[in-house]
Amino acid sequence: MSISAQEIKDLRERTGAGISDVKKALEESGGDHAKALEWLERKLGGMAAKKSSRDTSAGLIDAYIHSNGRVGVLLELYCETDFVARNPAFKVLAHDLSLHIAAMNPLYVSLDAVPKEVWSAEESRIKEEVCGLGKPVEIMAAIIDGKLKAHFGALALLAQPFVKDQDKTVGEFCNEAIGRFGENIKIGRFVRLEL
């Protein structure tokens, strides 16, 4: 099957993936754009795990002020090289993340960043709630775990559904960016101010 240059260009613009990756995705999917998109998302997301241990010493700070002037965000976004930090697409990524923070008001970067005392207090509250259900111990443990992850998942940036694409979490969106840029990307600190 022959893949046209226009098909490659269209899919490359949608994903930001490299030409060879886009061509291979289209060939493997028989020219089906939806399947090629899934193939690319799997590949780009898989690259994030390989790059997660690499040092991120470059990056930028993004500022977002909402149109009503009552909500603002400052965000640190790190990458490996200054070359990527200056890339306009990286700046768009940082701004999209700032926009998400302004809209969704996360309190923590990830579930791992939740302070132990906050986690323990919520766990105690949920245990009290669940103990009255009269379920077996292993089922109660699963319920408690699920409720904790749901509660803190709504407050942790990387676990929230991304505001511009509800089918992905912010973590998945960042993993795709890692695949596109070919570098490790980490969210540093952020602050959201609201009047």
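**Helix α6, its salt bridges and the sheet**

Me: Which side chain does Lys-147 meet in a salt bridge at 2.9 Å, N to O?
Reply: Keep in mind that this is a predicted model. The pair links distant parts of the chain, with Lys-147 sitting in helix α7 and its partner in helix α6, 18 residues apart. At 35% relative accessibility, Lys-147 counts as partly exposed. The side chain Lys-147 meets is that of Glu-129.

Me: How far apart are the closest N and O atoms of Arg-125 and Glu-129?
Reply: Arg-125 and Glu-129 are four residues apart in helix α6, so about one helical turn separates them. Arg-125 is partly exposed at 44% relative accessible area, and Glu-129 is partly exposed too, at 40%. They form a salt bridge, and the closest N and O atoms are apart by 3.3 Å.

Me: Which residue is linked with Arg-125, Glu-129 and Lys-147 in a network of salt bridges?
Reply: Side chains of opposite charge can pair when their charged atoms come close. Glu-129 pairs with Arg-125 and also with Lys-147. The network that holds these three has one further member, Glu-122.

Me: Where are the buried residues of α6 placed around the axis?
Reply: The buried residues of α6 are Glu-122, Ile-126 and Val-130. They cover an arc of only 75° around the axis, so they lie on the same side of α6. In an α-helix, residues three or four places apart point the same way because there are 3.6 residues a turn. Around the axis, then, the buried residues are on the same side of α6.

Me: Which exposed residues does the face of α6 turned away from its buried side carry?
Reply: The buried side has Glu-122, Ile-126 and Val-130, and what covers these buried residues includes α7 (137-153). Turned away from that side is a face carrying the exposed residues Lys-116, Glu-117 and Glu-128.

Me: What is the distance between the end C-alpha atoms of α6?
Reply: Helix α6 has 16 residues, 116-131. At 1.5 Å a residue the helix should span 22 Å, and the model agrees with that. The end C-alpha atoms are apart by 22 Å.

Me: Which side chains of β1 point to one face and are buried?
Reply: Strand β1 covers residues 58-65, and its side chains alternate. Gly-59, Ile-61, Ala-63 and Ile-65 point to the other face and are not buried. That leaves the buried ones as Ala-58, Leu-60, Asp-62 and Tyr-64.

Me: How many bridges join β1 to β2?
Reply: Strands of a sheet pair through backbone hydrogen bonds, either parallel or antiparallel. β1 and β2 (residues 71-79) run antiparallel and form a hairpin with five residues between them, where Gly-69 in the turn has a positive phi of about 70°. Among the bridge partners, Leu-60 goes with Leu-77 and Ala-63 with Leu-74. The number of bridges joining β1 to β2 is eight.

Me: Which are the edge strands of the open sheet of three strands?
Reply: The open sheet has the order β1-β2-β5, with antiparallel pairing. An edge strand here pairs on one side only, so the edges are β1 and β5 (186-194).

Me: What helix lies across β1, β2 and β5?
Reply: The sheet's three strands are ordered β1-β2-β5. Its twist averages 10° from one strand to the next. The helix lying across them covers residues 88-104 and runs at about 140° to β2: helix α5.

How values were computed. Residues numbered from 1 in each chain as written. Predicted model: local features only at pLDDT ≥ 70, side-chain atom pairs only at ≥ 80, totals over all residues. Heavy atoms only, no water. Helix = DSSP H or I, 4+ residues; strand = E, 2+ residues; numbered from the N terminus. Expected span 1.5 Å × (residues − 1). Buried < 20%, exposed > 50% of the residue type's maximum accessible area, 1.4 Å probe, protein only. Arc of directions from axis to C-beta. Contact = heavy atoms within 4.5 Å. Pairing = 2+ DSSP bridges. Axes fitted to C-alpha atoms, helices over the stretch in contact; angles between N-to-C directions. Salt bridge = Lys/Arg side-chain N within 4 Å of Asp/Glu carboxyl O.
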